[in-house]
Amino acid sequence: MALPMLRGCSRLPSTFSFTRLFLNESVILNRSGKTPLRPSSPAAVVAAAVRLYSSDQGGQNQNQNQKVVVVGIPNPFIWFRTRIYYFLIKAYFDKEFSIEEFTEGAKQAFSHVSRLLSQCQFEALEGLVAKDLIGKLEEKCNMLPSSHKKALSADPEEIMYTTPGDVGIYYDDNGRKFVSILMRFWYLTSARLPNDTMEGTRVFQVAVGGERETETKRLLTANYEFQREFTKGVPPDWTITRIEHSKLLD
């Protein structure tokens, strides 16, 4: 089984050399009020906010201050290079290619595969993840405590930001053609993780119901590389060839 969410995809306006998420130390997020964090321009700083609407004693909704800000600073050379790659993929490999659609499909694939990893369902990864990678993942996951395994899983609603990274086009010695796209994800997890092993991550208090009901969550990052062979006669399937969960599966 291949990644059905990535069939016939893909378009994204920019790739950032690095992207930062700046969040307040006591961030409160409202799931129902969460909006997609998407870059509005490849040449400018990108900012998006998640706002909290809570009812006061009189039943009126109050709009609180901005809680989440995403800032991206593009590297002009990398941005221009990836735009050329997108053009080449569409012109010479797949006329239906759209990086925007690919990004959405990759996000679904990330959520699905990360859940399987969290549950140690390695057999279910066959056809989704490269065979030589599954064994390595199984070895690493079996050494993780239950709390870290839980933190691998990224619920779609908890994925705060997604952006493409490096793009590659190459041929092997037999003339086979390949395209690889590295995707970067930032997501929240409620897994209980010890502070000493998760240095560098942020901790937030997230509203899950009423304003008095909060849950502690951490912001984690993950890199997934997707590869597809474009040799004539080969099925149009994307396969995950690289998986990195910062502080969990490095």
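**Exercise 1. Disulfides**

Determine how many disulfides this predicted model contains, and examine Cys120 and Cys141.

*Solution.*
Step 1. A disulfide is a covalent bond between the sulfur atoms of two cysteines.
Step 2. The cut-off for the two sulfur atoms is 2.5 Å.
Step 3. For Cys120, the nearest cysteine sulfur belongs to Cys141 and is 5.6 Å away. For Cys141, the nearest cysteine sulfur is that of Cys120, again 5.6 Å away.
Step 4. Neither residue is therefore in a disulfide, since a pair must lie within 2.5 Å. The count comes to zero disulfides.
Step 5. Cys141 has a relative accessible area of 0%, so it is buried. Cys120, at 26% relative accessibility, counts as partly exposed.

**Exercise 2. Positive phi angles**

Locate Cys120 and Lys247, and state what is notable about the phi of each.

*Solution.*
Step 1. Most residues other than glycine have a negative phi.
Step 2. Cys120 lies in the loop between H2 and H3. Its phi is positive, near 55°, and the residue is not a glycine.
Step 3. Lys247 belongs to the segment after S9. Its phi is also positive, about 70°, although Lys247 is not a glycine.
Step 4. Lys247 has a relative accessibility of 36%, so it counts as partly exposed.

**Exercise 3. The span of helix H2**

Compare the span of H2 with the expected span.

*Solution.*
Step 1. H2 covers residues 99–118 and has 20 residues.
Step 2. At 1.5 Å a residue, the expected span is 28 Å.
Step 3. From its first C-alpha to its last, H2 reaches 28 Å, which is close to the expectation.
Step 4. H2 is followed by Cys120, the residue with a positive phi near 55°.

**Exercise 4. The nonpolar cores**

Describe the largest nonpolar core and identify the element that gives the most residues to it.

*Solution.*
Step 1. The largest nonpolar core has 46 residues, of which Leu117, Val129, Tyr224, Phe226 and Trp238 touch the most other members.
Step 2. The elements that give two or more residues to this core include the helices H1, H2, H3 and H4 and the strands S5, S6, S8 and S9.
Step 3. H2 gives the most, with eight residues.
Step 4. A second, separate core has five residues, among them Met160, Tyr161, Trp186 and Leu219.
Step 5. Phe226 illustrates the packing of the largest core. Beyond its neighbours within four places in sequence, its contacts include Leu3, Phe102, Ala106, Val179, Met183 and Trp238.

**Exercise 5. Two buried residues**

Decide whether Lys217 and Tyr86 are buried or exposed, and place each in its element.

*Solution.*
Step 1. A residue is buried when its relative accessible area is under 20%.
Step 2. Lys217 is at 2% relative accessibility, so it counts as buried. Its place is in strand S8, residues 214–229.
Step 3. The side chain of Lys217 makes a polar contact of 2.4 Å with the side chain of Glu158.
Step 4. Tyr86 has a relative accessible area of 8% and is therefore buried. Its place is in helix H1, residues 76–93.
Step 5. Tyr86 and Ile99 are 13 residues apart in sequence, and their C-alpha atoms are 7.4 Å apart.

**Exercise 6. Confidence**

State the mean pLDDT of the chain and find where pLDDT stays under 50.

*Solution.*
Step 1. The mean pLDDT of the chain is 74. Of its residues, 63% reach 70 or more.
Step 2. Over residues 10–67, pLDDT stays under 50.
Step 3. For residues 10–67 the model has 159 contacts beyond four places in sequence.

Note on methods. Residues numbered from 1 in each chain as written. Predicted model: local features only at pLDDT ≥ 70, side-chain atom pairs only at ≥ 80, totals over all residues. Heavy atoms only, no water. Helix = DSSP H or I, 4+ residues; strand = E, 2+ residues; numbered from the N terminus. Buried < 20%, exposed > 50% of the residue type's maximum accessible area, 1.4 Å probe, protein only. Polar contact = N/O pair within 3.5 Å; in protein donor to acceptor, adjacent residues only side chain to side chain. Core = buried A, V, L, I, M, F, W, Y, C linked by side-chain atoms within 4.5 Å. Contact = heavy atoms within 4.5 Å. pLDDT = per-residue confidence, 0-100. Expected span 1.5 Å × (residues − 1).
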